[in-house]
Amino acid sequence: MERFVCIHGHFYQPPRENPWLEAVELQESAAPFHDWNDRITAECYAANAASRVLDNEGWIERMVNNYSRISFNFGPTLLSWMEQARPEVYKAILEADRQSQERFSGHGNALAQVYNHMIMPLANTRDQRTQVEWGIRDFQSRFSRNPEGMWLAEAAVNTDTLEQLAAHGIAFTVLAPRQAQQVRKLGSNHWHDVGDGRIDPSMPYLVRLPSGRHINVFFYDGPISQAVAFEHLLNSGESFARRLMDGFSAVRKHPQLVHVATDGESYGHHHMHGDMALAFALQLLDSRQDLRLTNYGEFLARFPPAQEAKIVENSSWSCVHGVERWRADCGCNSGRPNWNQRWRKPLREALDWLRDQLAPRFEEAASSYFKEPWKARNGYIDLILDRSEESRNRFLALYASHELNANEQMQALKLMEMQRHAMLMFTSCGWFFDEISGIETVQVMAYAGRALQLASQLFPGDEPLETEFLQKLELAQSNLPSPRNGRAIYDQYVRPAIITLPNVAAHYAISSLFEEYGEEVRKGAYLLRALDRQQLTAGKLRVATGTVNVTSTITTASARLNYAVLDLGEHNVSVGVRPADDSQGLEAFLGQLRAAMRHGDIPELVRMMDQHFGHNLYSLKVLFRDEQHRIVQRILSAARLEAETAVHQLYNHHAPMLRFVTDLGITPPNSLQAEAQLALNHALREAVHKLDERQAASILDEMKAAGVVVNEPALQQTLHHRRESLDEQWAAHPDDPEAMSDLIRLAELAQQHQWQVDWWRTQNMWSHLHMEAFPGKVLQSRAGHPEAQEPARTWVERFERLGRALHIRFAPADEAVAEPTIEEWAEHSPLIETGAEPVVQAGD
């Protein structure tokens with residue numbers, strides 16, 4: 001009896017991009033990371049690309065790419081973000097799929113996914129088809145092959161959904177055991193009820209469809225998957241492997257597949273170091289002779305279904321009530337007591353209404369530009385994947401009904417974008433959690449806001465859709481007293497986020513005071529070209545004026561705008577923007593500004609800004625979130641330095657008295673304690689930054705004597721930034737032993753004081769150089785010209801010492817490298833190219 005194991009991870013995050021910028025902005029709730037994608041990548045996606053395998057003493061003995069040995073799917077929108085933000089992790093995932101094809105008889109581990117995690121049974125037929133086609137095309141563009149399987153959002157399924165998969169050549173999907181209703185042997189007329197998860201999960205099943213097509217379905221092992229996700233099975237890789245092996249049955253006589261499917265985030269995000277448990281389990285399973293790791297495609301090719309099944313219609317893996325979690329208060333939630341989810345129904349109804357209002361308008365308007373509007377929408381994925389002008393021309397050449405002029409192109413692209421956002425607003429996470437004001441639900445409302453904005457631009461003569469949409473949202477009541485309903489949430493969070501071309505110009509104008517720009521600069525989804533810029537300065541007072549052309553790289557919409565920005569110092573910055581259609585008026589305004597500047601007449605400057613720009617004035621609040629954070633931090637830095645200097649002076653003055661009082665056992669006043677807390681913690685961070693162990697030790701002694709507690713979060717931030725800068729220095733100069741010396745000093749300093757440092761990226765760089773450069777350096781240190789031996793020996797010594805500091809114990813040099821021959825010596829010289837990139841750089 002043949003036995004096989006397959007572990008599937010569904011790796012997914014909802015799209016988090018600002019719908020206007022097409023960029024993920026700063027999310028404070030994900031701190032200390034930039035955003036939740038960034039945080040979960042560090043904890044899970046990157047971790048699984050270079051997972052640590054430890055020896056019996058807890059030292060790292062191997063680093064492995066888990067994706068090469070498990071079945072997986074990644075959400076297309078997540079991979080789109082990762083390709084730009086974490087390219088080294090993205091490449092590791094693609095490489096794992098390539099390796100898996102070699103391992104598993106030409107069948108890759110990666111599965112496709114419906115595009116933006118829409119609940120397919122609740123979608124209309126057009127959206128179902130587009131979700132499948134976009135998911136397939138996205139997969140093809142990344143993995144350079146056709147997908148065999150496709151993951152359904154929340155494993156939500158009905159017959160129409162399976163019809164779409166089968167019609168597009170998808171061979172299989174994966175469902176929960178409770179989604180099987182009946183089974184029978186092929187050729188038999190007798191069906192057996194297998195409801196409530198009683199199906200045998202160890203084989204694939206054929207599902208026949210009304211169209212005459214069919215599709216294969218794997219029903220995963222429910223109890224083991226539940227244990228992985230919710231019962232702490234990942235606390236031990238050995239226990240995980242044993243539980244999988246216990247899934248086999250001696251009663252079964254057919255080739256058995258024990259397979260589990262969970263959120264991929266179980267392996268590192270939901271369960272800390274879950275990736276390491278997975279790596280250890282895979283190592284144990286792979287070493288056994290009585291079973292074999294496989295993936296779904298390989299198993300299906302070797303063992304086609306011997307039985308067929310009927311599914312439970314409108315069912316899912318995360319709602320026992322079918323698909324009600326995404327349209328009703330069914331009782332499925334995250335466990336917040338005394339809350340309800342009655343808001344789900346009016347939210348679904350509002351978005352369904354908006355979709356159905358936009359569809360006929362789209363079809364009628366798009367018929368003026370496209371041969372087949374809905375077919376063009378299906379093909380729009382190619383332009384989403386590649387926003388270049390060449391790609392846009394290919395798209396229009398393929399689908400446009402005639403050669404479109406510039407204005408027609410803009411209108412056509414706006415129509416496509418309206419439809420894209422009309423699908424993004426159905427991303428499943430908008431309904432999954434407990435509260436309508438959560439970031440996931442606000443995100444789907446923002447996509448609706450972008451669709452509404454485009455509709456108002458495309459159909460200016462129509463009755464605005466937003467009014468009725470907000471009336472419907474008002475019926476969705478929050479569990480919180482404020483904001484109290486969907487309409488209030490939209491007004492509080494979505495409306496202020498809406499961006500227009502003047503908003504972009506205002507952002508550019510303010511940020512140009514703090515950053516040097518060339519003639520062209522990219523801000524999110526907008527390209528700005530400076531046509532003119534002048535700046536006047538008088539002490540802290542600054543005025544900048546100019547003309548800028550703002551163009552959307554998505555829709556090609558463009559505007560030529562004049563601006564003037566007034567900086568009175570600190571946070572007192574205002575900017576005015578207006579169309580660049582009155583050059584004489586602008587020149588007169590500039591002359592008046594210069595005159596007011598010469599006289600230092602600030603009230604007159606403010607009055608002139610109000611008079612010239614009217615209501616089109618903006619403050620620092622208009623800045624996009626990331627740049628706003630950077631500029632505000634820059635403004636605060638001067639105040640922070642001033643405060644820290646004053647505190648140091650006060651502490652130095654009071655320190656002798658503070659020590660005396662402390663020695664007497666008398667508690668010093670709170671104000672003196674606060675002085676010591678601020679001054680000594682700042683001094684400690686300065687010593688750490690300088691890698692000065694002696695000074696750090698002295699300050700820690702003084703802190704202990706004064707009863708001062710180390711500010712751990714601030715110290716962690718200093719350690720993190722210092723490690724980052726040293727990593728960059730080493731990556732740029734891998735041949736330089738001094739770059740390693742500084743990392744060694746930081747590592748040994750942290751170890752001595754038991755400070756936690758995330759060495760993930762450093763360890764990955766060390767592992768990469770151990771494979772690519774270390775063997776050659778060892779050869780160089782033993783042979784060749786004496787002048788070359790000494791630098792090589794120094795490099796090897798520092799490298800090995802750094803490995804020990806990082807708690808890595810790979811094969812020793814004597815085992816890893818044999819005595820060199822002359823030919824080997826020649827082959828390994830030169831050994832390292834400056835600027836070599838590490839394979840994986842995670843945990844930043």
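This tour goes through salt bridges, a covered helix and a pair of packed helices in a predicted model.

**Stop 1: a long-range link**

Start with the salt bridges, of which the model has 51. Select R809 and D55. Their closest N and O atoms are 3.0 Å apart, and the two residues form a salt bridge. Now show the backbone around each partner. R809 sits in the loop between helix 29 (786-805) and helix 30 (813-816). D55 sits in the loop between strand 2 (51-54) and strand 3 (60-64). The pair therefore ties together parts that are 754 residues apart in sequence. Switch on the surface and look at R809 again. R809 is partly exposed, with a relative accessible area of 36%.

**Stop 2: a partly exposed pair**

Select E520 and R529 next. Their side chains meet in a salt bridge, at 2.3 Å from N to O. How exposed is each partner, by relative accessible area? E520 has 38% and is partly exposed. R529 has 35% and also counts as partly exposed.

**Stop 3: a network**

Select E22, R387, E417 and R420 together. Salt bridges link these four residues in a network.

**Stop 4: a bridge within helix 25**

Go to helix 25, residues 712-732. Pick out R723 and D727. A salt bridge joins their side chains, with 2.6 Å between N and O. What separates the two along the helix? R723 and D727 are four residues apart, so about one helical turn lies between them. Are they buried or exposed? Both R723 and D727 are buried.

**Stop 5: helix 25 against helix 26**

Keep helix 25 on screen and add helix 26, residues 737-752. Two packed helices are described by the angle and the distance between their axes. Here the axes come within 9 Å and cross at roughly 160 degrees. Angles over 145 degrees count as roughly antiparallel, so helix 25 and helix 26 are roughly antiparallel to each other. Their crossing is left-handed.

Now colour the contact residues. From helix 25, choose L719, R722, R723, L726, D727, Q729 and W730. From helix 26, choose A739, M740, D742, L743 and L746. R723 and D727, the salt-bridge pair from the last stop, are among the contact residues of helix 25. By class, the contact has seven nonpolar, one polar and four charged residues.

**Stop 6: a covered helix**

Finish at helix 28, residues 774-782. Helix 28 is mostly covered, with seven of its nine residues buried. Which residues of helix 28 are buried? Select F774, G776, K777, V778, L779, Q780 and S781 to see them.

Technical notes: Residues are numbered from 1 along each chain as its sequence is written. This is a predicted model: local features need pLDDT of at least 70, side-chain atom pairs count only at pLDDT 80 or more; totals for chains, interfaces and linings use all residues. Side-chain values use heavy atoms; hydrogens and water are left out. Buried means under 20% relative accessible area, exposed over 50%, partly exposed in between (1.4 Å probe, protein chains only). Axes are lines fitted to C-alpha atoms, for helices over the stretch in contact, and angles run from 0 to 180 degrees between N-to-C directions. Angles under 35 degrees count as roughly parallel, over 145 as roughly antiparallel, 65 to 115 as roughly perpendicular and the rest as oblique. A crossing is left-handed if the near helix is turned anticlockwise from the far one by less than a right angle, and right-handed if clockwise. Contact means heavy atoms within 4.5 Å. Ala, Val, Leu, Ile, Met, Phe, Trp, Tyr, Cys and Pro count as nonpolar, Asp, Glu, Lys and Arg as charged, and the others, Gly among them, as polar.
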